[in-house]
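Colleague: Could you please take a close look at one part of this structure and set it in the context of its chain?

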2 protein chains.
Amino acid sequence: MADNTTILKLGGSVITEKDDPETLDGAALESAAAAVATALAEDDDRRLVIVHGGGSFGHHHASTHGVSTTEGTRDHVAVTDVHGAMTTLNQFVRSRLHERDVPAVPVHPLSLASRDANGELTLPSDPVETLLAEGFVPVLHGDGVAHAGEGVTVLSGDEIVTSLASSMAAERVGLCSTVPGVLDDDGDVIPRIESFADAADALGSSDAPDVTGGMAAKVRELLAVDAPAHVFGPDALAAFLAGDDVGTRIE
Amino acid sequence: MADNTTILKLGGSVITEKDDPETLDGAALESAAAAVATALAEDDDRRLVIVHGGGSFGHHHASTHGVSTTEGTRDHVAVTDVHGAMTTLNQFVRSRLHERDVPAVPVHPLSLASRDANGELTLPSDPVETLLAEGFVPVLHGDGVAHAGEGVTVLSGDEIVTSLASSMAAERVGLCSTVPGVLDDDGDVIPRIESFADAADALGSSDAPDVTGGMAAKVRELLAVDAPAHVFGPDALAAFLAGDDVGTRIE
């Protein structure tokens, strides 16, 4: 893949009201869309992939049906509930981007990815790379995924980010979260993490229940990616897209 | 892929009112869904992939935006119109199947496929095969597809069928069309086609304008597939699914 590819994760907790089922945080999403539009307008060569989490859309249905990244379902109603809610959220995200002339197009992971019997993910990046090269902004999302021996399990936005970052040799990865970075025991942002030991003490738990893992899992996955990754809050999104070091830098 | 995989194309002209934009032929779709449900209930081991065409949903928008299988667009509004209409039709198809307990799940080709600069299609079959093995009925559809150098072009349901039939080594392929088979100059069904010459005289033209090609293109593509293919009308769908030779057999 060409240089200059950024993969941006918009956390589900950022763009939805995580405690109210299927409720958008409209103001937060508008603000994120505006930051993306500004960044793209300032740099025509930038290639941007957006991945968003499930927040109160996906997690709600996954919990109801007892589906996780390892526990699957063969019930098409469960699959339809999870995937349908995520598709709805994806439409909201794309429409807010379209309002600002960001050429967002959907890429639904349930259509693209699969897991083998060991849970190993195959997520071909060809469609995403071709869409990028043609000037579009692919928008993916946490979703269900066909899983050999399990039916359909959950595929988190974070796992999509790490998979694409590796297969596409992305230049930068950003995780826009509800917190301003990975926090230490005093609640201060850890500026740089180069090994899990750098933050192990602080990563014992996460604030809210999350079927797809909390900050510890994010850090472990981002350490395995070649590209530098940043974890930051919504207020730092514009600065991240402008190329600044924001929040916690993980590499 | 295991034996016993059938790929069934439901023609866009069968399940929609082709002359009225975005209008379903509800009775025809219900009838097709009932035939599918009956066939699956009678044979637990059957693996069925359904692909549907665009009919008055996809073709309408593709024509409006001047998009075809070779002429692309880089306008996200055009992509959203075509893909959105096809996603809506796909939801109708799946909901009618769900009403009869067919475990249909969507696979959107825009998320999965891409074309290189020569127009050659890459359509990984892993997600479809994993969904099948887990007991689901994947439902694909004509769609847009990222196309190197062209933006997004049209991917026809027929092209999806021939691609999957080859990559998955399907046992049987069925094209449920508005006509009872490939017709000769007298309007009679040609029972068997083993080379294009067998039907060349009759395949000069097709009834209605169709951005993705008429019967001649279908026959050419089906001749290139290893599995026997049948072209038949809606009345013969149940018999096809029961294993009968119906309409025109192409191999």
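Modeller: Let us begin with Ala169(A), which is found in the loop between helix 7 (157-167) and strand 9 of chain A. Helices (H or I, at least four residues) and strands (E, at least two) are DSSP runs, numbered from the N terminus. Although Ala169(A) is not a glycine, its phi is positive, at about 50°. This is a predicted model, in which local features need pLDDT of at least 70, side-chain atom pairs count only at pLDDT 80 or more, and totals for chains, interfaces and linings use all residues. Residues are numbered from 1 along each chain as its sequence is written, chains are lettered from A and ligands numbered from 1 in the order in which they are written, and side-chain values use heavy atoms, with hydrogens and water left out.

Strand 9 (172-176) also borders another loop, which runs to strand 10 (192-193) of chain A and holds Asp185(A). With a relative accessibility of 64%, Asp185(A) counts as exposed (over 50% relative accessible area; buried is under 20%, and partly exposed lies in between, with a 1.4 Å probe and protein chains only).

As for the chain around these loops, chain A has nine helices and 12 strands. Its radius of gyration (taken over C-alpha atoms) is 17 Å, close to the 18 Å that the globule rule gives for 251 residues, so chain A is as compact as a globular protein of that length. That rule is 2.2 Å times the number of residues to the power 0.38. Of the 251 residues of chain A, 56% count as buried.
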